[in-house]
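Hello,

Here is the structure we spoke about. My notes on it follow below the display.

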Amino acid sequence: MSKKEVKTNAMRILDRQKIPYEYEEYECEDFIDGIQTADRLGYDHALVYKTLVTTGRSGQHYVFVIPIEEEIDFKKAAKIVGEKSLEMLPLKDLTKVTGYVRGGCTAVGMKKQYPAVIHEAARELKYMYVSGGRLGMQIKLKPVDLQKASGASFADVIHS
């Protein structure tokens with residue numbers, strides 16, 4: 001009997017939009033950060049991006065997809081999305097707002113479609129890795145395909 005393929009919400013959306021992707025599952029019981037994930041899977045750090053969820057002063061949520069070794073520049077990011085200021089969404093609210101857990105959060109297939117921004121450096125990549133929608137899963141896809149599936153734009157949102 002073959003093992004049944006487990007599809008995440010993100011994967012179902014990519015399938016529905018006929019967006020090609022590959023995924024890799026790995027043992028992961030608890031949250032590990034993107035750098036540890038990349039090291040565990042042997043991925044080039046420059047190709048692995050993390051998904052951050054923020055809240056603007058208006059109360060609106062925003063999603064930012066940035067390189068794992070970088071930090072978000074809240075001033076730049078706020079300006080891009082037209083907010084006076086942004087702060088990280090409290091971790092206790094992550095699942096309630098997105099439907100995903102820490103370490104399994106991805107810009108595709110959240111409970112609601114929030115405005116999303118992918119750091120502009122991704123545009124130059126042939127492919128990138130992002131969380132696959134649950135702990136222990138990474139998805140490999142073209143940055144423009146992530147943009148299409150998440151409704152994101154590209155902009156500079158990290159510290160220079």
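A term first: a polar contact is a pair of N or O atoms within 3.5 Å, where one must be able to donate a hydrogen and the other to accept it. Such a pair occurs at T98, whose side chain reaches the backbone oxygen of L94 at 2.7 Å. Please keep in mind throughout that the model is predicted.

Overall picture

The protein contains five helices and eight strands. Along the sequence they come in the order α-β-α-β-β-α-β-α-β-β-β-α-β. A compact globule of 160 residues would have a radius of gyration near 15 Å, and the protein agrees with that because its own value is 15 Å. Along the principal axes, the C-alpha atoms fill a box of roughly 55 × 30 × 30 Å.

Of the 160 residues, 49% are buried. The exposed surface of the protein comes to about 8,700 Å², with 50% of it supplied by carbon and sulfur atoms. If one takes the contacts between residues at least 6 apart in sequence, 62% of them join residues at least 24 apart.

Helix α1 and the loop after it

Helix α1 spans residues 9-16, and its buried residues are A10, M11, I13 and L14. These lie on the same side of α1, because the arc they cover around the axis is only 160°. What do the buried residues of α1 pack against? Their partners are β1 (22-25), β7 (137-141) and α5 (143-150).

K18 comes just after α1, in the loop between α1 and β1. Its phi is near 55°, which is a positive value in a residue other than glycine. Is K18 buried or exposed? The cut-off for exposed is over 50% relative accessible area, and K18 has 73%, so K18 counts as exposed.

Helix α4 and the loop before it

T98, the residue with the polar contact described at the start, is found in helix α4. With a relative accessible area of 1%, T98 is buried. Apart from neighbours within four places in sequence, T98 is in contact with V53, C105, M110 and K111.

L89 is in the loop between β4 (86-88) and α4 (94-98). Buried means under 20% relative accessible area; L89 has 10% and therefore counts as buried. Which residues touch L89, once its neighbours within four places in sequence are set aside? The contacts of L89 are V53, T54, T55, H61, L94 and V97. V53 thus appears in the contact list of L89 and also in that of T98. L94, another contact of L89, is the residue whose backbone oxygen the side chain of T98 reaches. A further distance to note is the one from L89 to V63: the two are 26 residues apart along the chain, and their C-alpha atoms are separated by 9.9 Å.

Strands β6 and β7

Strand β6 (residues 128-131) pairs with β7 in the antiparallel sense, over four bridges. In this pairing, M128 stands opposite L141 in β7. The two strands form a hairpin with five residues between them. G133, in the turn, has a positive phi of about 105°. Strand β7 was also named above, among the elements against which the buried residues of α1 pack.

Regards

Terms used
Residues are numbered from 1 along each chain as its sequence is written. This is a predicted model: local features need pLDDT of at least 70, side-chain atom pairs count only at pLDDT 80 or more; totals for chains, interfaces and linings use all residues. Side-chain values use heavy atoms; hydrogens and water are left out. Buried means under 20% relative accessible area, exposed over 50%, partly exposed in between (1.4 Å probe, protein chains only). Contact means heavy atoms within 4.5 Å. The arc is that of the directions from the helix axis to the C-beta atoms. The radius of gyration is taken over C-alpha atoms; the globule rule is 2.2 Å times the number of residues to the power 0.38. Accessible areas come from the Shrake-Rupley method with a 1.4 Å probe; for residues, only the protein chains shown count as cover. Two strands pair if DSSP finds at least two bridges between them.
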